[in-house]
Amino acid sequence: MNKDIKYFGIDISHLVFDVTDSDGNYYQFKNTISGFKKFTKLLDLDSHCVMEATGYYHYQLAYYLLELGIKVSVENPLAVKRFIQMKLSKIKTDKSDSKLICEYAKQVDLKPWEGQSKHQTECLQMTRLLSVYTKQSTMLKNKIHGEAVLGNPSKAVVSSIKRSLKHVLKEIKTLEDKLMVLVKEVHQDVLTRLKSIPGIGNKTALMLVVLTDGFERFTSGSELCSYAGLTPVVRKSGSSVNGRSRISKIGNQKLRNLLFMCSFNACKYNKACRDIYERIVAKGKSKKLALIAVCNKLLKQAFAIAKSGLIYDDSYRRTLVKS
């Protein structure tokens with residue numbers, strides 16, 4: 001802990017946010033611009049504000065502080081939760097949470113939160129809405145199937161569902177087209193090179209670029225795999241606990257799901273991915289474990305392609321060749 005830095009633990013909700021500083025002082029402010037202004041009167045350039053990633057509620061305050069040049073860290077709620085559990089705290093209030101977040105801040109290495117550009121923010125907003133529409137289209141398709149199974153489906157009901165489905169599919173197509181245009185404005189080169197990897201098509205390449213912000217915030221393939229929650233967690237303790245290794249799942253779920261769906265095609269068309277899949281299955285390991293290894297391989301290939309300025313070449317061992 002840097003003794004020159006004054007930490008502020010922030011527990012934020014829809015209407016208010018609770019704050020505890022390094023000296024144990026407690027405050028509460030409204031989660032509005034006027035509340036932000038009152039809070040910043042307590043801060044100076046040596047202040048470091050720490051909060052959890054709580055859905056959407058933390059964004060406005062985090063960006064407000066960032067624009068003022070105040071150090072901000074937005075931490076994984078699971079990491080903070082585990083810290084609180086280690087403290088064996090039985091008291092659960094907003095006041096106690098802000099205090100424990102402050103204690104957490106003083107004892108761990110914090111990464112500064114950089115926020116996102118307006119371009120990336122808009123891309124992610126479109127991606128979230130696409131996810132909603134995709135779920136709606138699946139629900140409507142299932143509903144059409146369900147009505148047909150009844151034997152005497154109502155024509156009025158089926159017609160209504162089909163109209164709704166047509167509208168949702170039209171919105172999906174419109175959003176996908178706009179998202180593609182938006183991504184090409186900044187990441188055209190990376191997008192083109194990613195599509196050279198066998199098993200990665202237009203939509204997968206697009207989502208990889210959006211979910212990783214063009215791979216710009218990562219320094220290694222392993223770091224990117226950790227971000228996706230694809231790194232193994234070993235469960236061993238003495239001679240009594242020897243559980244199977246599993247992926248951490250602490251990471252970007254959308255990215256992880258995208259890669260898992262993509263892994264099936266990669267096993268067919270990507271030689272490096274197919275080889276690793278067959279090798280793991282031949283050892284008697286589960287197919288699911290083999291597919292997770294394929295996800296890792298595919299993500300590392302994408303990282304290498306994005307960072308190197310090269311395109312995929314299956315004949316070269318490192319899968320890279322100058323473009």
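Student: Which helices and which strand each supply at least two residues of the lining of the largest pocket?

Tutor: Let's start there, keeping in mind that this is a predicted model. Helices and a strand share the job of lining the largest pocket. The strand is S5 (71-75). The helices are H3 (77-86), H5 (118-149), H7 (202-212), H8 (221-228) and H9 (253-269).

Student: Where does the largest pocket lie with respect to domain 1 and domain 2?

Tutor: Domain 1 covers residues 6-106 and domain 2 covers residues 118-322. Both domains give residues to the lining, so the largest pocket lies between them.

Student: What is the volume of the largest pocket, and which residues are the closest to its centre?

Tutor: The volume comes to about 2000 Å³. The lining has 39 residues, so there are plenty of candidates for the places closest to the centre. Those places go to Ala53, Val74, Asn76, Tyr227 and Asn252.

Student: How many residues in the lining of the largest pocket are nonpolar, polar or charged?

Tutor: Happily, the lining can be sorted by class. Its residues are 17 nonpolar, 12 polar and 10 charged.

Student: Is Thr204 buried or exposed?

Tutor: Thr204 is found in helix H7, one of the helices that supply residues to the lining of the largest pocket. Leaving aside neighbours within four places in sequence, Thr204 is in contact with Leu258 and Cys262. Its relative accessible area is 15%. The cut-off for buried is under 20%, so Thr204 is buried.

Student: How far apart in space are Ser96 and Thr20, C-alpha to C-alpha?

Tutor: Ser96 is found in helix H4 (residues 94-107), and it is buried, with a relative accessible area of 14%. Along the sequence, Ser96 and Thr20 are 76 residues apart. In space, C-alpha to C-alpha, the distance between Ser96 and Thr20 is 8.7 Å.

Student: Across the protein, what percentage of contacts between residues at least 6 apart in sequence join residues at least 24 apart?

Tutor: The protein has 323 residues, of which 41% are buried. It has 11 helices and 9 strands. Among contacts between residues at least 6 apart in sequence, the share joining residues at least 24 apart is 58%.

Student: Which residues does the UniProt annotation "coiled-coil region" cover, and how far apart are the end C-alpha atoms there?

Tutor: The annotation comes from an unreviewed UniProt entry and covers residues 158-185. In the model, the chain over residues 158-185 is 100% helix and 0% strand. The end C-alpha atoms of that stretch are apart by 41 Å.

Note on methods
Residues are numbered from 1 along each chain as its sequence is written. This is a predicted model: local features need pLDDT of at least 70, side-chain atom pairs count only at pLDDT 80 or more; totals for chains, interfaces and linings use all residues. Side-chain values use heavy atoms; hydrogens and water are left out. On a 1 Å grid over the protein atoms alone, a cavity is a set of points where a 1.4 Å probe fits but cannot get out, and a pocket is an open set with protein on both sides within 12 Å along at least five of seven lines; lining residues have an atom within 4 Å of a point. Grid points are joined across faces, edges and corners, and a volume is the space filled by probe spheres set on the points. Helices (H or I, at least four residues) and strands (E, at least two) are DSSP runs, numbered from the N terminus. Ala, Val, Leu, Ile, Met, Phe, Trp, Tyr, Cys and Pro count as nonpolar, Asp, Glu, Lys and Arg as charged, and the others, Gly among them, as polar. Domain bounds come from an automatic or database domain assignment. UniProt positions are given in the numbering used here, feature names are shortened, and annotations may be inferred rather than shown by experiment. Buried means under 20% relative accessible area, exposed over 50%, partly exposed in between (1.4 Å probe, protein chains only). Contact means heavy atoms within 4.5 Å.
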